[in-house]
Amino acid sequence: MCTNIVYEWLKTLQLPQYAESFVDNGYDDLEVCKQIGDPDLDAIGVAVPHHRRRIHEAVRRLKEADEKAAGLYF
């Protein structure tokens, strides 16, 4: 199993089973993961609706954290 930031992120979401597919599809860091949409989840193989919702919610939180951090510099 791969050990990287995406694996750790998916592990916190209780979805580590998708880590290898994420990395195989080019989602190997959180910056790239912030761009995930439904077509990406289809390609990765995330078909379970509540898993998709969990990932979408986590992506939203990643983006919000970035926005808050960016605000600290202005």
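Okay, so let's start with Arg52 and what sits around it. Leaving aside residues up to four places away in sequence, Arg52 touches Asp38, Leu41, Asp42, Val46 and Ala47. This is a predicted model, by the way. Arg52 is part of helix H5. Is that arginine buried or exposed? Arg52 counts as buried, because its relative accessibility is 14% and the cut-off for buried is under 20%.

Now, one of those neighbours, Val46, takes us into the largest nonpolar core. That core has 19 residues, and the members touching the most other members are Trp9, Leu10, Phe22, Cys33, Ile36, Val46 and Ile55. Which helices supply at least two residues each? Those would be H1 (5-12), H2 (19-24), H4 (38-44) and H5 (49-71).

Have a look at Phe22 while you're there. Again skipping anything up to four places away in sequence, Phe22 is in touch with Val6, Trp9, Leu10, Tyr27, Cys33, Ile36, Ile44, Val46 and Ile55.

Three of those names, Val6, Trp9 and Leu10, turn up again among the buried residues of H1, together with Tyr7. These buried residues are on the same side of H1, because they cover an arc of only 160° around the axis.

Last thing, the two ends of that helix. At the N-terminal end of H1, the cap is Asn4, with a side-chain oxygen 2.9 Å from the backbone nitrogen of Val6. And what happens just after H1? There, Gln14 adopts a positive phi, about 60°.

Key. Residues numbered from 1 in each chain as written. Predicted model: local features only at pLDDT ≥ 70, side-chain atom pairs only at ≥ 80, totals over all residues. Heavy atoms only, no water. Core = buried A, V, L, I, M, F, W, Y, C linked by side-chain atoms within 4.5 Å. Buried < 20%, exposed > 50% of the residue type's maximum accessible area, 1.4 Å probe, protein only. Helix = DSSP H or I, 4+ residues; strand = E, 2+ residues; numbered from the N terminus. Contact = heavy atoms within 4.5 Å. Arc of directions from axis to C-beta. Polar contact = N/O pair within 3.5 Å; in protein donor to acceptor, adjacent residues only side chain to side chain.
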